[in-house]
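Thanks for coming. I will show one structure and then talk through its strands, its salt bridges and its empty spaces.

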Amino acid sequence: MVRAILLISCPDKKGITATITDFVYKNKGNILHAEQHTDEYANTFFMRVEWSMDGFTLARDKVGKAFAPIARKFGMEWDLFFTDRRIRMAIFVSKHLHCLYDLLLRHKSGQIDCDIPVIISNHKDACSVAREFGVEFHHIPVSPRSRDMRQEEQLKLLKDKKVDLVVLARYMQILPSAFVDRYRNRIINIHHSFLPAFAGKNPYLQAYLRGVKIIGATSHYVTEDLDDGPIIEQNTVPISHRDSLKDLIIEGQDLEKVVLSRAVMRHIERKVLVYDNKTVVFD
């Protein structure tokens, strides 16, 4: 069953919900999910509406045109998606492969419903993993001198593969501004939640030596400000004096896998709206 998904943000006014649901009803649509949120501080209204296209009187190429007058009336920013249009996701990875394995396993089991046309890495460690899961692998080494040239090579590959979403599954390189701008709100990163306290190398060792009592992970959209983009998903676990450095690393990597996969699934399911460096994440 093909479904339509409408994501909306606009200044909060009376009648928005009624107008949108009436639009679906008048065109013989059956609403399957409808969620809304109002940020009172920003006076901004957010909504996600999902309905079945079975029996809908508007052809899919006419839906947007028919909805446009409503969007203009309320000053909406909006996006319309159809569920039979699968997202094409590229995975970038360096030497730490736990998040890559997790994403590929979830994809194989059907939890992550998308296409994965390519894995890109600045190292060769993931080549055998890509081969195991039948995904095309490209080794593109990056150095300070070759960064611009490699960026163009990466962007061309993504364009050729018609990639919609880029996931940094522990990709230990900073993406240039031009790259980020090309995939605005379509690059998802994962990192530990010690930042900014334990930045740089060996954050788990730094945390262990400081005797931290909680560790976590954060997944967010990438912006020009490193590790400072809109947050999609976070989680934490308690740590005690009994936990060794190895324990911290294992707990941390487990968290990274879960938090990243949840963020990716929310994006693929069209459940995330970005505004003012924040997100609304619908259930």
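Is N189 buried or exposed? Before the answer, one caveat: this is a predicted model. N189 has a relative accessible area of 10%, so it is buried; the cut-off for that word is under 20%.

Where is this residue? N189 lies in strand β9, which covers residues 187-192. Leaving aside residues up to four places away in sequence, N189 touches L168, T218, S219, H220, V222, D227 and L260. One of those contacts, H220, is also the bridge partner of N189 in β10.

That brings us to the strands. β9 and β10 pair in the antiparallel sense, with 5 bridges between them. On β10 there is a second pairing, to strand β11, residues 231-238. That pairing is antiparallel too, and it has 7 bridges. As an example of the register, A217 has N235 as its bridge partner in β11.

How many of the 8 residues of strand β10 are buried? The count is 7, so β10, residues 214-221, is largely enclosed by the rest of the structure.

Next, the salt bridges. The search of the whole structure finds 18 of them. I will go through three.

The first is between E50 and R3, with the closest N and O atoms 2.5 Å apart. E50 sits in strand β3, residues 44-52, and R3 in strand β1, residues 3-11, so this pair ties together parts that are 47 residues apart in sequence. The two ends differ in exposure class: E50 is buried, at 4% relative accessible area, while R3 is partly exposed, at 27%. R3 and E50 also belong to a network of salt bridges that takes in R48.

The second joins the side chains of R170 and E256, at 3.1 Å from N to O. Here R170 is in the loop between β8 and α6, and E256 is in helix α8, residues 245-268; the pair links distant parts of the chain, 86 residues apart. R170 is buried, with a relative accessible area of 14%. E256 is buried as well, at 2%.

The third is E233 with R262, where the closest N and O atoms are 3.8 Å apart. E233 lies in strand β11 and R262 in helix α8, so the pair ties together parts 29 residues apart in sequence. E233 counts as buried at 15%, and R262 counts as partly exposed at 33%.

Now the empty space. Rolling a probe the size of a water molecule over the atoms shows where such space is left.

Pockets first. What is the volume of the largest pocket? It is about 930 Å³. Its lining has 34 residues, and those nearest its centre are R170, Y171, M172, H192 and G200. R170 is the arginine of the second salt bridge, the one with E256. Among the elements that each supply at least two residues of this lining are α6, β9, α7 and α8. By class, the lining has 16 nonpolar, 11 polar and 7 charged residues.

The second largest pocket has a volume of about 550 Å³. It is lined by 24 residues, of which D79, N185, V272, L273 and V274 are the closest to its centre. β1, β3, β4 and β12 each contribute at least two lining residues. The first salt bridge we looked at connects β1 and β3. This lining divides into 11 nonpolar, 5 polar and 8 charged residues.

Last, closed space. How many cavities of 30 Å³ or more does a search of the whole structure find? The search finds 1. The volume of this largest cavity is about 60 Å³. Its lining is made up of V142, R147, R150, Q151, Q154, Y171, Q173, I174, L175 and P176. Sorted by class, that is 5 nonpolar, 3 polar and 2 charged residues. Y171 appears in this cavity lining and is also among the residues nearest the centre of the largest pocket.

To return to the opening residue: N189 is buried, in β9, and β9 is one of the elements that supply at least two residues of the lining of the largest pocket. That is what I have for today.

Terms used: Residues are numbered from 1 along each chain as its sequence is written. This is a predicted model: local features need pLDDT of at least 70, side-chain atom pairs count only at pLDDT 80 or more; totals for chains, interfaces and linings use all residues. Side-chain values use heavy atoms; hydrogens and water are left out. On a 1 Å grid over the protein atoms alone, a cavity is a set of points where a 1.4 Å probe fits but cannot get out, and a pocket is an open set with protein on both sides within 12 Å along at least five of seven lines; lining residues have an atom within 4 Å of a point. Grid points are joined across faces, edges and corners, and a volume is the space filled by probe spheres set on the points. Ala, Val, Leu, Ile, Met, Phe, Trp, Tyr, Cys and Pro count as nonpolar, Asp, Glu, Lys and Arg as charged, and the others, Gly among them, as polar. Buried means under 20% relative accessible area, exposed over 50%, partly exposed in between (1.4 Å probe, protein chains only). Helices (H or I, at least four residues) and strands (E, at least two) are DSSP runs, numbered from the N terminus. Two strands pair if DSSP finds at least two bridges between them. A salt bridge is a side-chain nitrogen of Lys or Arg within 4 Å of a carboxyl oxygen of Asp or Glu. Contact means heavy atoms within 4.5 Å.
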